[in-house]
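Biologist: Please pick one part of this model and take me through it slowly, as you would for a first-year student. I would like to see how that part sits among its neighbours.

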Amino acid sequence: MDHPLDIVFAALADPTRRAILAMLLEDDMAVTDVAEPFEMSLTAISKHLTILTRAGLIAQEKRGRVKWCKLDPSGLRSASVWMQGFGQFEPVHLDAFERFLEQELAQDLDPSDADPVRE
């Protein structure tokens, strides 16, 4: 079985999943709204959401007939604690995490190039 840190870092390694997390920093979103900006199928987005949920980075809940996603910042706690052990990293705060995600997205990635099944 994978170590929980492996699951978190694997989830964060994918540009599409980082983009999804950045979107969820703003507000809870329906799955269809999460999928809208990406040029991939709803099935592919659902796979990304499953990986983020398994990593504890988001939570999903059904409201009526619509499935909603929300950020779960506590999922980053174990990664933050691990990085702090090296003495060079500050604790992860949502504002800093948001800035990090924005920089990452601005630098490098077209989410349509991502591999939705890579874990």
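Modeller: Happy to! Helices here are DSSP runs of H or I with at least four residues, and strands are runs of E with at least two, both numbered from the N terminus. This is a predicted model, in which local features need pLDDT of at least 70 and side-chain atom pairs pLDDT 80 or more, while totals for chains, interfaces and linings use all residues. Residues are numbered from 1 along each chain as its sequence is written, and side-chain values use heavy atoms, without hydrogens or water.

Let's look at helix α4, residues 42-54. Start with its length: α4 has 13 residues, and at 1.5 Å a residue it should span 18 Å (1.5 Å times one less than the number of residues). The C-alpha atoms at its ends are 18 Å apart, which agrees with that.

Now see which residues of α4 are tucked away. A44, I45, H48, L49, I51 and L52 are buried (under 20% relative accessible area with a 1.4 Å probe, protein chains only). These residues sit on the same side of α4, because they cover an arc of only 160 degrees around the axis (taken from the directions from the axis to the C-beta atoms). A general rule helps here: an α-helix has 3.6 residues a turn, so residues three or four places apart point the same way.

What lies over that side? The cover of the buried residues of α4 includes the helices α1 (4-12), α2 and α3 (31-35), and also the strands β2 (58-63) and β3 (66-71).

Of these neighbours, take α2, residues 15-26. The axes of α2 and α4 (lines fitted to C-alpha atoms over the stretch in contact) come within 10 Å and cross at roughly 75 degrees, on a scale of 0 to 180 degrees between N-to-C directions. The two helices are therefore roughly perpendicular (65 to 115 degrees). From α2, the residues T16, R17, I20 and L21 meet I45, H48, L49, I51 and L52 of α4 (contact means heavy atoms within 4.5 Å). Six residues of this contact are nonpolar, a class that includes Leu and Ile, two are polar and one is charged, as Arg is.

Finally, follow the chain out of the helix. Just after α4 comes G56, with a positive phi of about 80 degrees.

Conventions. Angles under 35 degrees count as roughly parallel, over 145 as roughly antiparallel, 65 to 115 as roughly perpendicular and the rest as oblique. Buried means under 20% relative accessible area, exposed over 50%, partly exposed in between (1.4 Å probe, protein chains only).
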